[in-house]
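Welcome! Have a look at the chain below, and then let us walk through its rings, its charges and one of its helices.

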Amino acid sequence: DKSKLPILIFPEGTCINNTSVMMFKKGSFEIGGTIYPVAIKYDPQFGDAFWNSSKYNIVSYLLRIMTSWAIVCNVWYMPPMVRKEGEDAVQFANRVRSAIARQGGLTELPWDGGLKRAKVKDTFKEEQQKNY
């Protein structure tokens, strides 16, 4: 509906340590329409906004954030992107992810953010073993 404001979606499904962009979930890219990519990268000069939940509990993380001198991040509003003719949702998601990674100087990771908290699927392990 063109009369409604766009929604903000983080297609990775989780955040990472400010060095990489994980695989995007394809659902956000299946419905069509225009995507307005935004690259966000925190500048750790005054304080690190990344929360390693396996290392720090929420209270220590909040205390660290609230006592930081500043939390600074660079935000790049990129040109709108639309799905190309013959491009499927996964290809479109990967193209958007690549553009964001280039803009932010980040590394592209070929795996899902869910791997941070879930058991790795056997099919993924087998694929990596074949590649090796």
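Helices here are DSSP runs of H or I with at least four residues, and they are numbered from the N terminus. With that in mind, helix 3 is followed by Gly105, whose phi is positive, near 65°. Please remember that this is a predicted model. The average pLDDT of the chain is 85, and 94% of the residues score at least 70.

**Confidence by element**

- Among the elements of the chain, the highest mean pLDDT, 94, belongs to strand 5 (residues 81–82).
- The lowest mean, 82, is that of strand 6 (residues 107–112), an element that returns below with the salt bridges.

**Helix 3, end to end**

- The 16 residues of helix 3 should span 22 Å at 1.5 Å a residue, and the end C-alpha atoms are indeed 22 Å apart, so expectation and model agree.
- At the N-terminal end, Asp88 acts as the cap, with a side-chain oxygen 3.2 Å from the backbone nitrogen of Val90.
- On the other side of the helix in sequence, Gly105 follows with its positive phi.
- Buried residues of helix 3 include Ala89, Phe92, Ala93, Val96 and Arg97. Ser98, Ala99, Ile100, Ala101 and Gly104 are buried as well.

**Aromatic rings**

- How many aromatic pairs does a search of the whole structure find? There are two.
- In one of them, the ring centres of Phe24 and Phe29 are 5.8 Å apart and the planes meet at 10°, so this pair is stacked.
- Phe29 also pairs with Phe92: here the centres are 5.5 Å apart and the planes lie at 85°, so the arrangement is edge-to-face.
- Phe29 belongs to helix 1 (residues 27–30) and Phe92 to helix 3 (residues 89–104), so their pair ties together parts that are 63 residues apart in sequence.
- Through these ring pairs, Phe24, Phe29 and Phe92 are linked into a cluster.
- Are the members of the cluster buried or exposed? Phe24 has 8% relative accessibility, Phe29 has 3% and Phe92 has 1%. Buried means under 20%, so Phe24 counts as buried, and so do Phe29 and Phe92.

**A charge over a ring**

- Tyr56 has the charged end of Arg64 sitting over its ring, 4.7 Å from the ring centre.

**Salt bridges**

- The structure holds three salt bridges.
- Lys26 and Glu30 form one of them, with their closest N and O atoms 3.6 Å apart. Lys26 is partly exposed at a relative accessible area of 43%, and Glu30 is partly exposed at 44%.
- Arg95 and Glu87 meet in another, at 2.9 Å from N to O. Arg95 is partly exposed, with 22% relative accessibility, whereas Glu87 is buried, with a relative accessible area of 12%.
- Arg97 and Glu108 also join their side chains in a salt bridge, 3.3 Å from N to O. Arg97 lies in helix 3 and Glu108 in strand 6, so this bridge ties together parts that are 11 residues apart in sequence.
- Within that last pair, Arg97 is buried at 9% relative accessible area, while Glu108 counts as partly exposed at 33%.

**Where the threads meet**

- Helix 3 carries Phe92, which pairs with Phe29 of helix 1, and Arg97, which is bridged to Glu108 of strand 6.
- Both Phe92 and Arg97 are among the buried residues of helix 3.

Definitions and conventions. Residues are numbered from 1 along each chain as its sequence is written. This is a predicted model: local features need pLDDT of at least 70, side-chain atom pairs count only at pLDDT 80 or more; totals for chains, interfaces and linings use all residues. Side-chain values use heavy atoms; hydrogens and water are left out. pLDDT is the predictor's confidence in each residue, from 0 to 100. Helices (H or I, at least four residues) and strands (E, at least two) are DSSP runs, numbered from the N terminus. Rings of Phe, Tyr and Trp (its six-membered ring) pair if their centres lie within 6.5 Å; planes under 30 degrees apart count as stacked, over 60 as edge-to-face and the rest as tilted. Buried means under 20% relative accessible area, exposed over 50%, partly exposed in between (1.4 Å probe, protein chains only). A charge sits over a ring if NZ of Lys or CZ of Arg is within 6 Å of the ring centre and within 35 degrees of the ring normal. A salt bridge is a side-chain nitrogen of Lys or Arg within 4 Å of a carboxyl oxygen of Asp or Glu. The expected span of a helix is 1.5 Å times one less than its number of residues. A polar contact is a pair of N or O atoms within 3.5 Å; within protein, one must be able to donate a hydrogen and the other to accept it, and residues adjacent in sequence count only if both atoms are side-chain atoms.
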